[in-house]
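User: Hi! I have a structure open on my screen and would like to talk it through with you. Could you start with the term I need for reading an interface?

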Number of protein chains: 2
Amino acid sequence: MTATGAPRTIQDRALRPTTKVLPEHIRLNNRTLVLQTLYRTGLQSRADLARETGLTRVTVSDLISELMGENLVIELGQRQEPRPGKPATLLDINRAAFQIVSLDLSGHTRLRGAVLSLDGAVLSSSGLDLAGARGEAAFDTVAELLAQVIARATAPILGVGIGSPGIVDRAGVVRNAPNLGWRDQPLQARLQGLTGLPVRVVNDANAAVLAEHSFGGADHDLLLVKVGHGVGAGLLIGGRAIFGERFAAGEIGHVVVGTDDGPLCACGKSGCLEAWLSVPRLTKAIHDATAAAATPMDAERAISDILTEAGRRLGIILAPVVGALNLLEIVLSGPPELLDGALSAATVETLRSRTMATETGDLTLRMTAQGEDIVLRGAAVMVLSAQLGVS
Amino acid sequence: MTATGAPRTIQDRALRPTTKVLPEHIRLNNRTLVLQTLYRTGLQSRADLARETGLTRVTVSDLISELMGENLVIELGQRQEPRPGKPATLLDINRAAFQIVSLDLSGHTRLRGAVLSLDGAVLSSSGLDLAGARGEAAFDTVAELLAQVIARATAPILGVGIGSPGIVDRAGVVRNAPNLGWRDQPLQARLQGLTGLPVRVVNDANAAVLAEHSFGGADHDLLLVKVGHGVGAGLLIGGRAIFGERFAAGEIGHVVVGTDDGPLCACGKSGCLEAWLSVPRLTKAIHDATAAAATPMDAERAISDILTEAGRRLGIILAPVVGALNLLEIVLSGPPELLDGALSAATVETLRSRTMATETGDLTLRMTAQGEDIVLRGAAVMVLSAQLGVS
DNA sequence: CATGTTTGTTAGTAAACCTTACGAACGAAA
DNA sequence: TTTCGTTCGTAAGGTTTACTAACAAACATG
């Protein structure tokens with residue numbers, strides 16, 4: 001007995017549709033597809049794009065003329081390679097036509113800002129001391145820095161991206177950021193009103209993981225651990241950032257590690273990851289150990305022990321996450337002199353020994369190559385994604 | 001300096017398009033949207049559907065006539081409630097027209113099968129002892145059970161859903177299932193060839209989490225822990241199942257818990273979650289404790305201690321996952337006499353005490369209400385989703 | 001120099017949804 | 001009882017989209 005008349009199998013595309021689709025949505029999708037293809041590969045002809053996207057040359061031509069009308073795409077002369085047939089007209093995103101403004105509010109004492117190119121390169125950067133400002137004063141400081149950075153842009157600004165510490169919801173409201181003294185701060189809406197530019201606000205670790213994905217050649221499934229004054233994580237699954245039911249995904253700083261107590265944390269619990277791993281705690285421990293050491297060699301060994309133990313603790317926390325999500329790629333962001341060595345070696349070893357070897361055999365853990373600009377670049381990715389659908 | 005001529009903000013729909021879209025894809029999306037709306041609410045008129053989906057009455061009528069042509073939708077007379085205007089013709093999914101066949105291969109010794117209605121109700125169930133069969137013999141047993149269940153269907157079969165233990169990839173190949181002695185077993189393709197029906201094979205815990213989502217009223221973000229001969233998890237984020245980079249997401253059974261060793265596990269490590277929590281280990285520990293106890297009260301207390309400790313261990317493993325994903329809903333599946341009591345109480349308490357209270361204040365942990373049919377029903381969800389885009 | 005190839009454009013077609021309009025069927029008020 | 005307004009489902013025509021087919025332009029190669 002078979003299902004005669006049963007419908008054909010629904011494609012992935014149509015699984016759980018939640019909204020109606022209209023013909024004009026097709027246009028937007030394909031327009032963005034072309035733009036994205038061009039953004040990623042650069043320097044292609046209309047015919048190349050047609051082959052790559054599966055659209056016809058006719059449709060690509062039409063979309064390109066629309067994009068050229070918006071000054072987003074430009075022609076760059078003809079291809080030089082000697083080939084049979086009519087020579088191709090090369091196209092590219094008009095990378096000089098727009099710039100992106102980014103802010104990184106995650107520094108404990110200093111806010112950073114920069115103008116970036118569409119490729120995520122930092123063109124000029126600025127900074128402003130928070131000077132202990134909190135609440136409305138902190139907002140004013142941010143607004144002042146933003147105005148400074150905007151003034152330094154030398155091309156029309158595509159949008160403003162901001163990486164903020166704390167819990168940030170989808171609308172760019174900072175639900176809770178203790179360091180800045182913000183609760184339910186509608187940062188995105190306020191700055192958008194102030195500047196008239198499209199603004200995107202996201203959590204700093206989420207911004208960082210986007211940067212690593214777009215510019216760091218990372219895979220579609222990726223966990224980034226950001227170690228600074230606090231410890232946070234950004235998580236990407238299937239190329240999409242995970243925000244969590246209450247927008248607090250990645251908040252692993254105050255998860256307790258292990259079954260032996262551990263140091264007391266500011267939050268009141270004992271053995272939080274942050275109490276093991278934050279930069280202040282590590283530098284203090286290293287400082288104390290160095291002072292107490294009899295010889296330089298003793299100091300060296302004590303430092304290595306401290307970092308190894310911190311790395312082990314990170315591995316213990318990450319192991320269940322790696323196992324549950326079957327992650328293969330983990331990236332660390334933070335001071336390399338602390339993270340890039342005994343610490344990360346201990347983390348990866350702990351991860352391997354605490355999870356199924358067969359599944360984590362090809363697990364990689366590495367430092368980000370984005371350095372200190374990672375949040376700025378990630379915030380730029382948000383703007384590219386929101387304004388162009390590209391990243 | 002603002003971005004004059006910058007394009008409008010791209011909608012969520014167009015973020016990172018990966019494929020071209022054609023007009024016919026619109027049709028499929030909207031067709032499925034209508035079908036899904038009807039599946040979930042049932043008994044609606046064309047005009048109701050138009051209001052709910054945002055499509056026009058004209059389009060809905062057209063789609064409905066197509067669906068009626070495939071016998072997927074039927075008219076059920078006119079609405080009786082006295083209202084002004086022409087009375088509405090009520091529609092519903094033709095729930096009696098098709099049935100679904102499901103298999104649950106996750107039992108350690110016994111395979112289960114059932115015929116289900118489109119609503120996920122078990123209409124008739126069968127079973128077959130595995131009798132230690134492994135490899136090709138195990139496949140033959142599965143095929144035999146499948147033939148039995150198919151023979152008991154009383155309506156055309158929409159498709160076959162199978163929940164298998166082990167690691168199952170997107171194509172329904174069982175990459176590794178020790179209990180069944182399978183490695184790279186193309187179960188889905190083979191059974192599809194054998195029966196001529198659409199077949200879907202997924203991991204048993206992933207099937208379970210889908211059942212909980214579709215029939216258990218669970219939210220879009222959900223972690224289900226399935227405790228049996230082994231321990232596995234199914235993870236749903238944003239309503240989508242997570243498979244992991246190597247299709248091994250949810251394999252938390254062999255993640256080490258805590259920083260004190262713990263019992264030796266079959267995998268060679270010490271203190272794996274499975275060594276604390278699996279049904280064989282719990283029943284044995286309880287049996288031993290009961291035998292050693294002087295009084296019934298002592299036995300009672302010893303059992304409670306064992307279950308509490310197991311629950312605590314589960315909480316320790318889940319805490320980083322809950323923190324990293326900001327999960328609020330956790331469901332347990334397995335023998336209620338073991339899980340539903342001291343164990344789950346200890347788990348939820350451990351979770352609360354080891355994660356940020358503010359974020360996990362509304363964390364809920366509960367037993368599934370799906371009972372032993374959870375995998376069968378989840379496998380049916382896979383079929384509904386694949387064949388109708390509905391679930 | 002003829003031939004084949006590649007590019008980008010023009011013209012016409014098919015599919016999908018929309019808007020507008022209409023008859024049918026009902027309740028409520030005159 | 002009749003009229004009016006409402007709601008339902010359908011019909012006709014228009015718009016948007018991408019496709020196919022055909023073509024001129026420009027180049028390499030034999």
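Analyst: Happy to! Buried area is the accessible area, taken with a 1.4 Å probe, that two parts lose on being put together, summed over both. Please keep in mind that this is a predicted model.

User: Thanks! How much area do chain B and chain A bury between them?

Analyst: Let's begin with the residues: 97 residues of chain B are in contact with 97 residues of chain A. Of the area buried between the two chains, 57% is on carbon and sulfur atoms. The total comes to about 8,200 Å².

User: Which salt bridge partner does Arg246(B) have in chain A?

Analyst: Side chains of opposite charge can pair when their charged atoms come close. The rule finds two salt bridges across the interface of chain B and chain A. In the one formed by Arg246(B), the closest N and O atoms are 2.8 Å apart, within the 4 Å that a salt bridge requires. The partner is Asp362(A).

User: Which element of chain B supplies the largest share of the side that touches chain A?

Analyst: Besides the salt bridges, 18 residue pairs are in polar contact between chain B and chain A, counting pairs with both residues at pLDDT 80 or more. Several elements of chain B each supply at least two residues to the side touching chain A, among them β6 (157-164), α9 (296-325) and α13 (374-388). The largest share is 11 residues, and it comes from α1(B).

User: And how many residues on that side of chain B are nonpolar?

Analyst: The side of chain B that touches chain A has 20 charged residues and 31 polar ones. The nonpolar residues number 46.

User: What kind of axis relates chain B to chain A?

Analyst: A turn of 180° with a shift of 0.0 Å along the axis lays chain B on chain A, with an RMSD of 0.1 Å. The interface residues add to this picture: 100% of those in chain B are also interface residues in chain A, so the copies meet through the same surface. The turn and shift describe the relation of a two-fold axis.

User: Now the fold, please. Which strands stand at the edges of the five-stranded open sheet in chain A?

Analyst: The strand order in this sheet is β13-β12-β11-β14-β15, with mixed pairing. At one end, two bridges join β12 (residues 231-237) to β13(A), running antiparallel, and there Leu236(A) stands opposite Ala241(A). Each edge strand has a single partner, so one side of each is left without a neighbour in the sheet. The edge strands are β13 (240-241) and β15 (364-367) of chain A.

User: In chain B, which residue of β14(B) is the bridge partner of Leu223(B)?

Analyst: Chain B has an open sheet of five strands in the order β13-β12-β11-β14-β15. Within it, four bridges join β11 (residues 222-227) to β14 (residues 329-333), and these two strands run parallel. The bridge partner of Leu223(B) is Ile330(B).

User: Which residue takes a positive phi in the hairpin of β8(A) and β9(A)?

Analyst: Three bridges join β8 (residues 174-177) to β9 (residues 182-185) in chain A, and the strands run antiparallel. Ala177(A) has Trp182(A) as its bridge partner, and four residues lie between the strands. The residue with a positive phi, near 70°, is Gly181(A).

User: One last thing: how many residues apart are Glu75(A) and Arg46(A)?

Analyst: Their side chains meet in a salt bridge at 2.8 Å, N to O, and the count over all chains is 40 salt bridges. Glu75(A) lies in strand β1 (residues 73-78) and Arg46(A) in helix α2 (residues 46-53), so to speak linking distant parts of the chain. Their separation is 29 residues.

Notes. Residues are numbered from 1 along each chain as its sequence is written. Chains are lettered from A and ligands numbered from 1 in the order in which they are written. Side-chain values use heavy atoms; hydrogens and water are left out. Two strands pair if DSSP finds at least two bridges between them. Contact means heavy atoms within 4.5 Å. A polar contact is a pair of N or O atoms within 3.5 Å; within protein, one must be able to donate a hydrogen and the other to accept it, and residues adjacent in sequence count only if both atoms are side-chain atoms. Ala, Val, Leu, Ile, Met, Phe, Trp, Tyr, Cys and Pro count as nonpolar, Asp, Glu, Lys and Arg as charged, and the others, Gly among them, as polar. Copies are superposed by least squares on the C-alpha atoms of residues with pLDDT of at least 70 in both.
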